[in-house]
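The exercises below ask you to read a fold from its chain, element by element, and then to check each reading against a worked solution. Keep the sequence and the model side by side as you go.

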Amino acid sequence: MRDSIEQQRRALIHDIDNWVANQVLPTLGCARLHTESLGAVIDRLSKFSACALAALTSADDSELWHAWERLAQLAVGYDDLKDEVSTGRRRLPSAH
(Lines give C-alpha, C1' and ligand atoms only; values in the text may rest on other atoms or scores of the structure.)
Protein backbone atom coordinates (compact mmCIF):
# COMPACT_ATOMS: atom_id res chain seq x y z
CA MET A 1 0.00 0.00 0.00
CA ARG A 2 2.85 2.39 0.85
CA ASP A 3 4.37 1.85 -2.60
CA SER A 4 1.01 2.71 -4.16
CA ILE A 5 0.80 5.94 -2.18
CA GLU A 6 4.36 6.87 -3.17
CA GLN A 7 3.58 6.16 -6.82
CA GLN A 8 0.48 8.37 -6.61
CA ARG A 9 2.48 11.16 -4.97
CA ARG A 10 5.17 10.99 -7.66
CA ALA A 11 2.51 11.01 -10.39
CA LEU A 12 0.82 14.07 -8.85
CA ILE A 13 4.14 15.89 -8.52
CA HIS A 14 4.90 15.09 -12.16
CA ASP A 15 1.44 16.23 -13.30
CA ILE A 16 1.74 19.50 -11.36
CA ASP A 17 5.21 20.15 -12.77
CA ASN A 18 4.03 19.48 -16.33
CA TRP A 19 1.02 21.76 -15.90
CA VAL A 20 3.22 24.54 -14.49
CA ALA A 21 5.72 24.13 -17.34
CA ASN A 22 2.90 24.70 -19.83
CA GLN A 23 1.48 27.72 -17.96
CA VAL A 24 4.52 29.74 -16.94
CA LEU A 25 6.05 32.11 -19.45
CA PRO A 26 9.73 31.56 -20.26
CA THR A 27 12.06 33.46 -17.94
CA LEU A 28 15.02 35.63 -18.69
CA GLY A 29 18.44 34.03 -18.42
CA CYS A 30 19.12 35.99 -15.24
CA ALA A 31 16.25 34.36 -13.31
CA ARG A 32 17.56 32.30 -10.40
CA LEU A 33 16.84 28.58 -10.42
CA HIS A 34 14.78 27.29 -7.50
CA THR A 35 16.01 24.10 -5.83
CA GLU A 36 12.67 22.26 -6.05
CA SER A 37 9.91 21.92 -8.57
CA LEU A 38 6.54 23.42 -7.72
CA GLY A 39 5.08 19.92 -7.49
CA ALA A 40 7.67 19.02 -4.83
CA VAL A 41 6.86 22.19 -2.86
CA ILE A 42 3.14 21.41 -2.99
CA ASP A 43 3.89 17.85 -1.89
CA ARG A 44 5.74 19.21 1.16
CA LEU A 45 2.86 21.61 1.88
CA SER A 46 0.53 18.61 1.91
CA LYS A 47 2.84 16.66 4.21
CA PHE A 48 3.30 19.59 6.62
CA SER A 49 -0.47 20.22 6.62
CA ALA A 50 -1.13 16.60 7.58
CA CYS A 51 1.52 16.77 10.31
CA ALA A 52 0.10 20.01 11.69
CA LEU A 53 -3.42 18.58 11.78
CA ALA A 54 -2.16 15.39 13.44
CA ALA A 55 -0.32 17.49 16.04
CA LEU A 56 -3.66 18.96 17.13
CA THR A 57 -4.35 15.65 18.87
CA SER A 58 -0.96 15.67 20.57
CA ALA A 59 -0.67 16.63 24.22
CA ASP A 60 2.76 18.17 23.57
CA ASP A 61 2.39 21.93 23.00
CA SER A 62 5.95 22.18 21.70
CA GLU A 63 5.30 19.60 18.98
CA LEU A 64 2.09 21.39 18.03
CA TRP A 65 3.83 24.76 17.81
CA HIS A 66 6.72 23.39 15.72
CA ALA A 67 4.37 21.62 13.29
CA TRP A 68 2.32 24.75 12.66
CA GLU A 69 5.44 26.93 12.47
CA ARG A 70 6.96 24.68 9.76
CA LEU A 71 3.71 24.83 7.82
CA ALA A 72 3.49 28.63 8.14
CA GLN A 73 7.09 29.13 7.02
CA LEU A 74 6.63 26.89 3.99
CA ALA A 75 3.37 28.64 3.10
CA VAL A 76 5.16 32.02 3.12
CA GLY A 77 7.97 30.55 1.02
CA TYR A 78 5.42 29.13 -1.45
CA ASP A 79 3.76 32.54 -1.75
CA ASP A 80 7.13 34.18 -2.41
CA LEU A 81 8.02 31.50 -4.97
CA LYS A 82 4.69 31.96 -6.74
CA ASP A 83 5.30 35.71 -7.02
CA GLU A 84 8.90 35.27 -8.21
CA VAL A 85 7.97 32.68 -10.84
CA SER A 86 5.02 34.69 -12.14
CA THR A 87 7.19 37.81 -12.56
CA GLY A 88 10.08 35.93 -14.19
CA ARG A 89 12.56 36.51 -11.35
CA ARG A 90 12.75 32.80 -10.52
CA ARG A 91 12.68 29.72 -12.70
CA LEU A 92 11.78 26.17 -11.77
CA PRO A 93 13.67 22.96 -12.50
CA SER A 94 12.58 21.30 -15.72
CA ALA A 95 9.56 19.02 -15.46
CA HIS A 96 11.07 16.62 -17.97
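**Exercise 1.** Which residues in helix 2 are buried? Find them, and then work out what covers them.

*Solution.* This is a predicted model, in which local features need pLDDT of at least 70 and side-chain atom pairs count only at pLDDT 80 or more, while totals for chains, interfaces and linings use all residues. Residues are numbered from 1 along each chain as its sequence is written, and side-chain values use heavy atoms, with hydrogens and water left out.

Begin with the terms: helices (H or I, at least four residues) and strands (E, at least two) are DSSP runs numbered from the N terminus, and buried means under 20% relative accessible area, exposed over 50% and partly exposed in between, with a 1.4 Å probe and protein chains only. By that rule the buried residues of helix 2 are L38, G39, A40, V41, D43, L45, F48, A52 and A55. Next, look at the cover, which includes helix 1 and helix 3, where contact means heavy atoms within 4.5 Å.

**Exercise 2.** Compare the length of helix 2 with its expected span, and then do the same for helix 3.

*Solution.* The expected span is 1.5 Å times one less than the number of residues. Helix 2, with 18 residues, reaches 25 Å from its first C-alpha to its last, close to the 26 Å expected. For helix 3 (residues 61-86), the 26 residues should span 38 Å, and the end C-alpha atoms are 37 Å apart, which agrees.

**Exercise 3.** Describe the two ends of helix 3 and its buried residues, citing D60 and G88 in your account.

*Solution.* At the N-terminal end, D60 acts as a cap, since a side-chain oxygen of D60 lies 3.0 Å from the backbone nitrogen of S62; for such a pair of N or O atoms the polar contact limit is 3.5 Å, and within protein one atom must be able to donate a hydrogen and the other to accept it, while residues adjacent in sequence count only if both atoms are side-chain atoms. Just after the helix, G88 takes a positive phi of about 80°. Between these points, A67, L71, L74, L81, E84 and V85 are buried, and what covers the buried residues of helix 3 includes strand 1, helix 2 and strand 2 (90-91).

**Exercise 4.** Which residues make up the largest nonpolar core? Then follow A52 and A67 within it.

*Solution.* A nonpolar core is a set of buried Ala, Val, Leu, Ile, Met, Phe, Trp, Tyr and Cys residues joined through side-chain atoms within 4.5 Å. The largest one has 12 residues: V20, L38, V41, L45, F48, A52, A55, A67, L71, L74, L81 and V85. Helix 2 and helix 3 are the elements that give two or more residues to this core, and helix 2 gives the most, with six residues.

Now take A52, found in helix 2, which counts as buried because its relative accessibility is 0%. Apart from neighbours within four places in sequence, A52 is in contact with L64, A67, W68 and L71. Seen from the other side, and with the same exclusion, A67 is in contact with C51, A52 and A55.

**Exercise 5.** Is A54 buried, exposed or partly exposed, and where does L12 stand?

*Solution.* A54 is also found in helix 2, but its relative accessible area is 46%, so A54 is partly exposed. L12 lies in helix 1 (residues 2-23) and counts as exposed because its relative accessibility is 54%.

**Exercise 6.** Locate H34 and list its surroundings.

*Solution.* First, place H34 in the loop between strand 1 (32-33) and helix 2 (38-55). Second, classify H34: its relative accessible area is 16%, so H34 is buried. Third, note that a polar atom of the H34 side chain lies 3.0 Å from the backbone oxygen of E36. Finally, leaving aside neighbours within four places in sequence, H34 is in contact with V41, L81, R90, R91, L92 and P93.

**Exercise 7.** What order do the elements follow from the N terminus on, and what share of the residues counts as buried?

*Solution.* The chain has three helices and two strands, running α-β-α-α-β. Of its 96 residues, 25% count as buried.
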